[in-house]
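Me: I would like to work through this protein chain step by step, with the reasoning spelled out for each answer. Could we begin once the sequence and structure are shown?

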Amino acid sequence: MTFSDFVGIPHVDLGRDRAGVDCYGLLRLVYAEMLSVDLPSFAGAYASCSEHARLGALVAGEADAGPWQRVGDVQIYDALVFRVGRHDCHVAVAVDRTRMLHVHARSSSVIVPRNDPMWRDRFSGAYRHEALL
């Protein structure tokens, strides 16, 4: 299985499977299918993607006591957190040091360069799951 196998999965608010995902659902699906790591679904943690200002904080906030550790060097499978507006609320998966897999609220999942102008200045941090340490 490769990251290309996830390209084209449609965006669905709160989606958690191949029928449709939100950005965290895509991270969760990649971890389950490629790494056999079950991430929590965070069901009920946010009402919809348009209201998920806490989403990045769910990953970043777990860095203190949970399975995520903030890292400075991006590696494959790291969770990449981005600001949208004033909040850390978008998560992508590092495909390698320069590209990421993410799903946009108005499209489907794609692989794009991390330095894509839309995302470059919104980058908040990279987090590595304990299963990868």
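Me: Among contacts in the chain between residues at least 6 apart in sequence, what share joins residues at least 24 apart?
Reply: The model we are looking at is a predicted one. Contacts are counted here between residues at least 6 apart in sequence, and of these the share that joins residues at least 24 apart is 54%.

Me: How many helices and strands does the chain have, and in what pattern do they follow one another?
Reply: The chain has 3 helices and 8 strands. Read along the sequence, these elements give the pattern β-β-α-α-β-β-β-β-β-α-β.

Me: Which strand does S4 pair with over 6 bridges, and which residue stands as the bridge partner of Arg 83?
Reply: The strand joined to S4 by 6 bridges is S5, and the two run antiparallel. They form a hairpin with 2 residues between them, and in the turn Gly 85 has a positive phi of about 70 degrees. Within S5, the bridge partner of Arg 83 is Asp 88.

Me: Is S5 largely enclosed or not, and why?
Reply: A residue counts as buried when its relative accessible area is under 20%. Of the 8 residues of S5, 6 are buried, so the strand is, with respect to the rest of the structure, largely enclosed.

Me: How many residues are in the hairpin connection from S5 to S6, and how many bridges pair these two strands?
Reply: The hairpin joins S5 to S6 through 4 residues. In this antiparallel pairing Ala 94 stands opposite Met 100 in S6, and the number of bridges between S5 and S6 is 2.

Me: Which strand is joined to S6 by 5 bridges, and which of its residues is the partner of Val 103?
Reply: Strand S7, residues 109–113, runs antiparallel to S6 and is joined to it by 5 bridges. A hairpin through 5 residues connects S6 to S7. In S7, the bridge partner of Val 103 is Ser 109.

Me: Which element supplies the largest share of the largest nonpolar core?
Reply: This core has 25 residues, and those with the most contacts inside it are Phe 3, Phe 6, Leu 27, Val 30 and Leu 101. Helix H1 (23–35), S4, strand S5 (87–94) and strand S6 (99–103) each supply at least two of its residues. The largest share, 8 residues, comes from H1.

Me: What are some of the contacts of Leu 101 once its neighbours within four places in sequence are left aside, and how many residues does the second, separate core have?
Reply: With those neighbours left aside, Leu 101 is in contact with several residues, among them Phe 3, Phe 6, Val 30, Ala 92 and Ile 111. A second, separate core includes Val 74, Ala 92, Val 112 and Ala 126, and its number of residues is 10.

Me: How many aromatic pairs are there, and how far apart in sequence are Phe 3 and Tyr 77?
Reply: The count comes to 4 aromatic pairs. One of them is formed by Phe 3 and Tyr 77, a tilted pair with 5.4 Å centre to centre and 40 degrees between the planes. Phe 3 lies in the segment before strand S1 (16–17) and Tyr 77 in the loop between strand S3 (68–71) and strand S4 (79–84), which puts them 74 residues apart.

Me: Why is the pair of Phe 82 and Trp 119 called edge-to-face, and which cluster do these rings belong to?
Reply: Planes over 60 degrees apart count as edge-to-face. The rings of Phe 82 and Trp 119 have their planes at 65 degrees and their centres 5.4 Å apart, so the pair is edge-to-face. Because Phe 82 lies in strand S4 and Trp 119 in helix H3 (residues 117–120), the pair ties together parts 37 residues apart in sequence. Ring pairs link these two with a further ring into the cluster of Phe 82, Trp 119 and Phe 123.

Me: Which charged residue sits over the ring of Phe 123?
Reply: Elsewhere, Arg 18 lies over the face of Phe 6, at 4.7 Å from the ring centre. Over the ring of Phe 123, at 5.0 Å from its centre, sits the charged end of Arg 114.

Me: Is His 11 buried or exposed, and which backbone oxygen lies 3.3 Å from a polar atom of its side chain?
Reply: His 11 lies in the segment before S1. Its relative accessibility is 17%, so His 11 counts as buried. The backbone oxygen lying 3.3 Å from a polar atom of the His 11 side chain is that of Ala 105.

Notes: Residues are numbered from 1 along each chain as its sequence is written. This is a predicted model: local features need pLDDT of at least 70, side-chain atom pairs count only at pLDDT 80 or more; totals for chains, interfaces and linings use all residues. Side-chain values use heavy atoms; hydrogens and water are left out. Rings of Phe, Tyr and Trp (its six-membered ring) pair if their centres lie within 6.5 Å; planes under 30 degrees apart count as stacked, over 60 as edge-to-face and the rest as tilted. A charge sits over a ring if NZ of Lys or CZ of Arg is within 6 Å of the ring centre and within 35 degrees of the ring normal. Buried means under 20% relative accessible area, exposed over 50%, partly exposed in between (1.4 Å probe, protein chains only). A polar contact is a pair of N or O atoms within 3.5 Å; within protein, one must be able to donate a hydrogen and the other to accept it, and residues adjacent in sequence count only if both atoms are side-chain atoms. A nonpolar core is a set of buried Ala, Val, Leu, Ile, Met, Phe, Trp, Tyr and Cys residues joined through side-chain atoms within 4.5 Å. Contact means heavy atoms within 4.5 Å. Two strands pair if DSSP finds at least two bridges between them.
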